[in-house]
Amino acid sequence: MTSAAARLPGTTTVGERAVRRIAERAATEVAGVEPQVQVSAQVVGTGATLRVRFPVRYPLPVGRVTDECRAHLIARTEELTGLTVPRVDIEVSALVPEPPERRVR
């Protein structure tokens, strides 16, 4: 059985700006990624490649945070846009230390 949407003619085009904004939001959903995320996206046909730059919370392991972020970006971008994401390049811009604990005297 096919749905009504599957029988309709035409295509949906997802722009690079939309992909960029989706990826920016998705990156901030990963523990250890600070909010200053910068993304550039290139959409070609049914695929999108991402270049992502963000600071990582110190002392979390940078490799683990970037691996988790890459997997999350691929999953969320594909889920929300329908595009395949074969490549995500990540650059860590800074290590941001935990804020000091406040002591009560």
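**Overall picture of the predicted chain**

Of the 105 residues in the protein chain, 28% count as buried, where buried means under 20% relative accessible area, exposed means over 50%, and partly exposed lies in between (1.4 Å probe, protein chains only). This is a predicted model, in which local features need pLDDT of at least 70, side-chain atom pairs count only at pLDDT 80 or more, and totals for chains, interfaces and linings use all residues. Residues are numbered from 1 along each chain as its sequence is written, and side-chain values use heavy atoms, with hydrogens and water left out.

The protein chain holds three helices and three strands, and from the N terminus on they come in the order α-α-β-β-α-β. Both kinds of element are DSSP runs numbered from the N terminus: helices are H or I with at least four residues, strands are E with at least two. As for overall dimensions, the C-alpha atoms fill a box of roughly 70 × 25 × 20 Å along the principal axes. The radius of gyration of the protein chain is 17 Å, against a value near 13 Å for a compact globule of 105 residues; the radius is taken over C-alpha atoms, and the globule rule is 2.2 Å times the number of residues to the power 0.38. Contact here means heavy atoms within 4.5 Å. Looking at contacts with a separation of 6 or more, 62% of them in the protein chain link residues 24 or more positions apart.

Next comes the sheet. Strands of a sheet pair through backbone hydrogen bonds, either parallel or antiparallel. In this model three strands make an open sheet in the order β1-β2-β3, with mixed pairing; two strands count as paired if DSSP finds at least two bridges between them. β1 and β3 sit at the edges with a single partner strand each, so one side of each has no neighbour in the sheet. From one strand to the next, the twist averages 15 degrees, with axes being lines fitted to C-alpha atoms (for helices, over the stretch in contact) and angles running from 0 to 180 degrees between N-to-C directions.

The antiparallel half of the story is β1 (residues 38-44) with β2 (residues 47-58), joined by seven bridges. Along this pair, Q38 stands opposite R53 in β2, and V39 faces V52 in β2. The β1-β2 hairpin has two residues between its strands, and in it G45 takes a positive phi near 65 degrees.

On the other side, β2 pairs with β3 (residues 84-97) in the parallel sense over 10 bridges. Here Y58 is opposite P97 in β3, while V52 has I90 in β3 as its bridge partner. Getting from β2 to β3 takes the chain through helix α3 (residues 62-81), and this β-α-β crossover is right-handed: with the strands pointing away from the viewer, the path from the first strand over the helix to the second runs clockwise.

Two helices pack on the strands. α2 lies across β1 and β2 and runs at about 140 degrees to β1, whereas α3 lies across β2 and β3, at about 140 degrees to β3. One residue of helix α3 is T66, which is buried at a relative accessible area of 11%. Not counting residues up to four places away in sequence, T66 touches F54, I90 and V92.

What about the inside? The largest nonpolar core has 21 residues, and L50, V52, F54 and L73 have the most contacts inside it. Such a core is a set of buried Ala, Val, Leu, Ile, Met, Phe, Trp, Tyr and Cys residues joined through side-chain atoms within 4.5 Å. Two or more residues of this core come from each of α2 (16-28), β1, β2, α3 and β3, and β2 gives the most, with five. Apart from its neighbours within four places in sequence, L50 has contacts that include V19, A23, V39, L73, V85 and V88.

Away from the sheet, T12 lies in the loop between α1 (4-7) and α2. T12 counts as exposed, at 74% relative accessibility. The C-alpha atoms of T12 and Q36 are separated by 30 Å, with the two residues 24 apart along the chain.
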